[in-house]
Amino acid sequence: MASLDMDKLGLIAGNGRFPFLLLDAARAHGLQVVVAAIKEETDPEMDARAAADADIHVHWMSLGELSRLIETFQTEGVTRAVMAGQVKHKQIFSSIRPDWRLAKLLLNLRTRNTDMLLGAVAKVLGDEGIELISSTAYLEPLLAKAGVLTSRAPSDEELKDVEYGRTVARAIAGYDLGQTVVIAAQACVAVEAMEGTDATIERAGALFRTLDDGGETTLSRSLTVVKVAKPNQDMRFDVPVIGVATIQTMHRAGATCLAVEAGRTLMFDPAAIVAAADAAGIAILAK
């Protein structure tokens, strides 16, 4: 087993850009990074990053290989690790074969939601001498700042939708079902479950397109997207995230306002997000 090294960080990498942002931030702090890349999720670009930097070590493994994850970190001398990037919720029900350690963990879960599963994984890691730290570590500047972030502020009607949406979203998030709702005229159009934020927004847009028959309607055609953290959000995993793709999806769906929680939502490339929202006439509010 390698000697323990506080200058090393373990990175359990899911999909999307989040793992790469955290990787860059950790390297900027002078840390060696040991990446546990999930075959079913992580972008193959991770290998190219490792090839260009001797202080990035990548180990590919299946989502079900919890024992291998632990052994890899212990061999590399990792005592602190972070989870970054989404692992699709539906993977819990996929054909991935869990190893004995993960199978035992799953059998002991009361419910198979994200908090229960990842919390149990975090405990197992801790028992093996690997502390799981906040997924926002080294990324504090990317947390949404309070206020109107775009050139356009939400309209009075959008603000009403935001307030109603927060009430609904917090109730849903409290059950660990999802963190996003889509609202129109203080009516809930779509609620996130396993499909993820973008798919929820797309579903709301598709539903509204079926109403477009040219006749009069009492329901506003303007959609407001509200994304919240869970009531007791564990910042080690499943932190609310938005990116330029979120804005692009909203624009396609006909959504005109986005509300997020200040200090508890990561914005990947804030300047690009705001620029895309301004170009699409979308208001972003963080509070």
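Visitor: Which residues have the most contacts inside the largest nonpolar core?
Guide: Leu11, Leu22, Val35 and Leu266. That core has 27 residues. Keep in mind that this is a predicted model.

Visitor: And which helices and strands each supply at least two residues of this core?
Guide: The strands are β1 (8–13), β2 (32–38), β3 (56–61) and β4 (80–84). The helices are α1 (18–28) and α2 (45–51).

Visitor: Which one gives the most?
Guide: α1, with six residues.

Visitor: What does Val35 touch, leaving out residues up to four places away in sequence?
Guide: Val35 touches Leu11, Ala13 and Leu23. Met46 and Ile56 are also on its list, as are His57, Val58 and His59.

Visitor: How many residues are in the other core?
Guide: 26, and that core lies apart from the 27-residue one. Its members include Phe73, Leu102, Leu106 and Val121.

Visitor: Switching to backbone. What is the phi of Tyr138?
Guide: About 75°, so positive, although Tyr138 is not a glycine. Most residues other than glycine have a negative phi.

Visitor: Where does Tyr138 lie?
Guide: In the loop between β5 (131–132) and β6 (147–148). Tyr138 is partly exposed, at 25% relative accessible area.

Visitor: Now Gln186. What is its phi?
Guide: Near 55°. That is a positive value too, in a residue other than glycine.

Visitor: Which loop holds Gln186?
Guide: The one between β7 (180–184) and β8 (187–191).

Visitor: What is the relative accessibility of Gln186?
Guide: 34%, so Gln186 counts as partly exposed.

Methods. Residues numbered from 1 in each chain as written. Predicted model: local features only at pLDDT ≥ 70, side-chain atom pairs only at ≥ 80, totals over all residues. Heavy atoms only, no water. Helix = DSSP H or I, 4+ residues; strand = E, 2+ residues; numbered from the N terminus. Buried < 20%, exposed > 50% of the residue type's maximum accessible area, 1.4 Å probe, protein only. Core = buried A, V, L, I, M, F, W, Y, C linked by side-chain atoms within 4.5 Å. Contact = heavy atoms within 4.5 Å.
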